[in-house]
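Here are my notes from going through the model you sent, as numbered points. Keep the structure open beside you while you read.

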Amino acid sequence: MDWFSAEGYWLSRLVFQRALALVYLMAFVGAVRQFRGLLGERGLTPIPRYVARVRFRHAPSLFQWHYSDRFFAAVAWVGVLWSAGLLLGLADDLPVWANLLVWAVPWALYLSIVQVGQVWYGFGWESLLCEVGFLAIFLGPATVPPPVLVLVALWWVLFRLEFGAGLIKLRGDRCWRDLTCLYYHHETQPMPNPLSWWFHRLPRWAHRVEVAANHVTQLVVPFLLFLPQPVRTGAAVVVIVTQGWLVLSGNFAWLNVLTMVAATTAVGGGLWSAVLPVDARAELADPPGWYVIVIIGLAAVLVVLSYWPVRNLLSSRQVMNTSFNPLLLVNTYGAFGSITRIRHEVVIEGTTDAVIGPDTVWQEYEFRGKPGDVHRRPRQVAPYHLRLDWLMWFAAISPGYAQPWFPALLAKLRDNDADVLALLRHNPFPHLPPAHVRARLYRYRFTDRRERRDTGAWWHRTLVGDYRA
């Protein structure tokens, strides 16, 4: 079975499984905390209304058979506890068949959530977690060597993720080709973090170097993942370092973290032995025959499903973050094919005045992560994902992105809906609901060094006008 087993990647599998369990844990915790206001029976886009018009074969999910807020909470909490158990290594020494079933549970639960998550779960890192989580099912327990074919499948995910992102940039916004996109990106990205102001204020030559390095990492390095060691480890380390740089400069949920997690599978066991206080097992059992057959069948299916993402990569009309099957397997990825030059923010205000006039006092609602109060330092949120805050960024780009949930959001705020208010940082009307709410559009920019020193503000904003969705 030399062709089947990759004993040198025993530690790589261990690191990958622990890290993936942590990502699962964060994803399920986010679902527990946010689903009622977004997707619950009285949420902004209720799941019962969605499953009533979408068939199971288009969106396979447990919630197609039954939905209640209590049932969703139970599913999400099972995901939390199951992920915690995987993080503690409780599945490591199970028989192969049991290990596969145990790893299939969080995948099935999270796929069920994503498939009814609608616009709130329409991000590339959702399909990435489903795809990587599916492949993780077949890596096997610690008692047998990891299958080479599954490792190659994970490297293929990493290749599509990086190379697809690189191609979409070259084919998209001109600023990627003239190396100027980072003149704007740190300021206009969906949710800046505490270091984004400093990254934005780097000299322009540094921004150009960042873009050039990004092109090398995404267009050249992915091919090195399929070369022998130690080249493969070097390529994986480059991916991990560059993704870590993105973690430092922005809040992209678990996209960067999960990319680093996938890259750990390409790092040779020798490097892990040097940095971790864990020794590879001296003897591993031979994999059972049925397991070999299952993995070969899996590889054949993945080869067939790869036709569609490969065709997309080769197309001059390449699309980003698209799935070609309802199980979200072998997807296409990519990010920031175009860069916004100006940052707009939607600010929601309310008033207790029954009659609106020139003397009306309006008070702002404050969101947990997105810019609002100009003196509030941008938060570090990732790898947690604030779904409403992210959709507010899209809404500011175009009112078309705000349908149908934004009018529902205003209505819920007028009613002081507890589940929706739990998604916010500050409700200026804790006792009685406002008489009126409104939305206004502002242009935001980072303050320069002098403004920051003189005013203490991180942002400067200018009113554009009323916002209509």
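1. I'll begin with a closed space. The residues lining the largest cavity are Pro192, Gly369, Lys370, Pro371, Gly372, Asp373, Arg376, Arg377, Pro378, Arg379 and Trp459. By type, that lining is 4 nonpolar, 2 polar and 5 charged. The space itself comes to about 70 Å³. Bear in mind throughout that this is a predicted model.

2. How many cavities of 30 Å³ or more does the structure hold? The count is 4. The second largest has a volume of about 50 Å³, and around it sit Glu131, Phe134, Leu135, Ala153, Trp156, Arg160, Leu302, Leu329 and Val330. Helices α5 and α6 are the elements that give two or more residues to this lining. Its make-up is 7 nonpolar and 2 charged residues, with no polar ones.

3. Now the overall layout. The chain splits into domain 1 (7–314) and domain 2 (343–466). Their centres, taken over C-alpha atoms, are 31 Å apart. On the domain 1 side 40 residues take part in the contact, and on the domain 2 side 37 residues do.

4. The open spaces come next. The largest pocket holds about 1,300 Å³. It is lined by 48 residues, and those closest to its centre are Phe252, Leu255, Gly334, Ala335 and Phe336. The elements giving two or more residues to the lining are α5 (124–136), α6 (148–171), α8 (185–188), α10 (204–219), α12 (231–249), α13 (255–263) and α17 (387–397). Each of the two domains provides at least three lining residues. Sorted by type, there are 26 nonpolar, 19 polar and 3 charged residues in this lining.

5. The second largest pocket has a volume of about 250 Å³. It has 14 lining residues, with Val114, Tyr121, Gly122, Ser323 and Leu328 closest to its centre. Both α4 (96–116) and α5 supply at least two residues of the lining, and α5 has the largest share, with 3 residues. Here the split is 5 nonpolar, 8 polar and 1 charged.

6. On to the packing. In soluble globular proteins, nonpolar side chains tend to be buried together. The largest nonpolar core in this model has 132 residues, and the ones with the most contacts inside it are Leu20, Tyr110, Leu388, Trp405, Phe406 and Leu409. Helix α1 (residues 10–39) gives the largest share of the core, 18 residues. Why does this core lie between the domains? Domain 1 and domain 2 both give residues to it, so it lies between them.

7. Leu20 is a handy place to zoom in. Leaving out residues up to four places away in sequence, Leu20 touches Trp103, Leu129, Val132, Gly133, Ala136, Leu258 and Val261. Another core lies apart from the big one: it has 9 residues, including Trp197, Val374, Tyr442 and Ala457.

8. Is α17 mostly covered or mostly open? It is mostly covered, with 9 of its 11 residues buried. The buried ones are Arg387, Leu388, Asp389, Trp390, Leu391, Met392, Trp393, Ala395 and Ala396. This helix also gives two or more residues to the lining of the largest pocket, and its Leu388 is one of the residues with the most contacts in the largest core.

9. Some backbone details deserve a look. Most residues other than glycine have a negative phi, and most peptide bonds are trans. The bond from Gln229 to Pro230 is cis, with omega near 5°, and Pro230 sits in the loop between α11 (221–224) and α12. A cis bond also runs from Ala382 to Pro383, with omega near 10°. Pro383 is in the loop between β3 (366–367) and α17.

10. Which residues other than glycine have a positive phi? Ala253 is one, with phi near 50°. It lies in the loop between α12 and α13 and is buried, at 4% relative accessible area. Asn416 is another, with phi near 55°. Its loop runs between α18 (405–414) and α19 (418–421). Asn416 counts as buried too, with a relative accessible area of 17%, since the cut-off is under 20%.

Conventions:
Residues numbered from 1 in each chain as written. Predicted model: local features only at pLDDT ≥ 70, side-chain atom pairs only at ≥ 80, totals over all residues. Heavy atoms only, no water. 1 Å grid on protein atoms, 1.4 Å probe; cavity = no way out; pocket = protein on both sides within 12 Å on 5 of 7 lines; lining within 4 Å. Points joined across faces, edges and corners; volume = space filled by probe spheres on them. Nonpolar A, V, L, I, M, F, W, Y, C, P; charged D, E, K, R; others polar. Domains from an automatic or database assignment. Core = buried A, V, L, I, M, F, W, Y, C linked by side-chain atoms within 4.5 Å. Buried < 20%, exposed > 50% of the residue type's maximum accessible area, 1.4 Å probe, protein only. Contact = heavy atoms within 4.5 Å.
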